[in-house]
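User: Hi! Could you walk me through the disulfides in this one?
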Amino acid sequence: MIANIARAGLLLAMLAVAGCNGSTTFEDISPQARKQLPAKILAQMKAKGMPRNSPVMARVFKEEGKVEIWKQKTNGRYDMIAAYDICKWSGKLGPKFIEGDRQAPEGFYSVKPHQMNPRSNYHLAFNIGYPNAFDRAHGRTGSNLMVHGACSSSGCYSMTDEQIEQIYAFGRDAFQGGQTEFQIQAFPFRMTAANMARYRNDPNYQFWTMLKEGYDHFEITKVPPKVDVCEKRYVFNRIPAAGAQFGSASDACPSFTQPDPLKTAYQSYQSTYETAFSSAIKSDVPAPKPTIAGLKEASLVSEWTRQRARGERVPVEPPSLSHDGKVTATSRMGRIDSPAGRRMAERDAAEAAKQQAAEAKKRPAEEQAAAALAAKAAAEAPAPVETAVVPAPAPVAVQAPPAEKPGLLGNMTKRITNMFGS
């Protein structure tokens, strides 16, 4: 404990120095946050015309399991400089709804310098900024949604430690170059015509169609879109008319304009997309992946999360709700290995032992009571009815007829019989 106090005191002292003269930063006490990008990536940046400190942007694709890093070139447009396989993300395709639903967010988010965490318990991390204005307008809740290392996720996008060191370095260098915030675009999948056709019957389709407009603007311009929220929906690259401005996320959208080249390019892009979409509907496409069944499933998983956090025995995997309302849960049960879980296990064991002892104590009394009931039943039973035994009638003697006395006729009969046999 003394050692912990000493370490805490040293950390506070170092932060105090940092606050006074600005010469010490979190990076000074977090070596992993100081790591530079590999020479191979720096060479690729130079070949693409990307200054080391130029602005960056990230795109996340759940179904494909990818995080892309895009960086601004000297001509102002962005190009992809790196792509990483997501080590883990939790939940299903679809947005995050409430605290504890284990859903990784989807939408357009911003990361500012104060959201970078070089001292994360997950190696390195940055908060993506959930909930944003759109999420809050829809009453969505949650906190501390990150991109981080350690390959462990309960609603975040988790990378390996080596990957997060590079991603963190891209953001750090861009902030050092003057970028005030960088954009993260989080999508359920690449929003191609084929994928949109696969999910056209999904309850989340309308939400994804809204995100697709921002996706399309970036595909066309290769510049992160200007993002606003009005009437509880995302709008992209809209410039308020003179005297107008965006209010709260629930307010009516103001009058706006868009650059003519963007409008023309978007119309052409949409025409091509609609043709491809119609063709995709008629062709065989891979089956869609599971998607969240709205707030109902989010609430179901959130309750499971609360029970698990309390140390209760719950199914080892969160429950799932299909879009037709069927709940599925694994049969295997378990509890989290945590102080709360151990306390709950001890309490359950004590309760079980107490109940077992009470049952053992009750058993002799129950057996005695059962014997008494049996004796009472026997005493109260009616006396058996005696049955009179009727003696069998004495056998009747049958007398044989008297033998015929021999005479003349008898002797003659006997001689005749002897002559002929019987």
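Analyst: Happy to; the disulfides come next, then burial of the cysteines. This is a predicted model, where local features need pLDDT of at least 70, side-chain atom pairs count only at pLDDT 80 or more, and totals for chains, interfaces and linings use all residues. Residues are numbered from 1 along each chain as its sequence is written, and side-chain values use heavy atoms, with hydrogens and water left out.

User: How many disulfides are there by this rule?
Analyst: There are two disulfides, a disulfide being a pair of cysteine sulfur atoms within 2.5 Å.

User: Which cysteine pairs with Cys-87, and how far apart are the sulfur atoms?
Analyst: Cys-87 is bonded to Cys-151, with 1.8 Å between the sulfur atoms. The angle about the S-S bond is -75°, a left-handed link.

User: Which parts does that pair tie together?
Analyst: Cys-87 sits in the loop between β3 (78–85) and β4 (88–89) and Cys-151 in the loop between β8 (146–148) and β9 (157–158), so the bond joins parts 64 residues apart in sequence. Strands here are DSSP runs of E, at least two residues, numbered from the N terminus.

User: And what is the partner of Cys-230?
Analyst: Cys-253, again with the sulfur atoms 1.8 Å apart. This link is right-handed, with 90° about the S-S bond. Cys-230 is in strand β11 (residues 227–230) and Cys-253 in the loop between β13 (239–240) and β14 (256–257), so the parts tied together are 23 residues apart in sequence.

User: New topic: is Cys-230 buried or exposed?
Analyst: Cys-230 is buried, at 1% relative accessible area. Buried means under 20%, exposed over 50%, and partly exposed in between (1.4 Å probe, protein chains only). Cys-87 is partly exposed at 29%, as is Cys-151 at 24%.

Key: Helix = DSSP H or I, 4+ residues; strand = E, 2+ residues; numbered from the N terminus.
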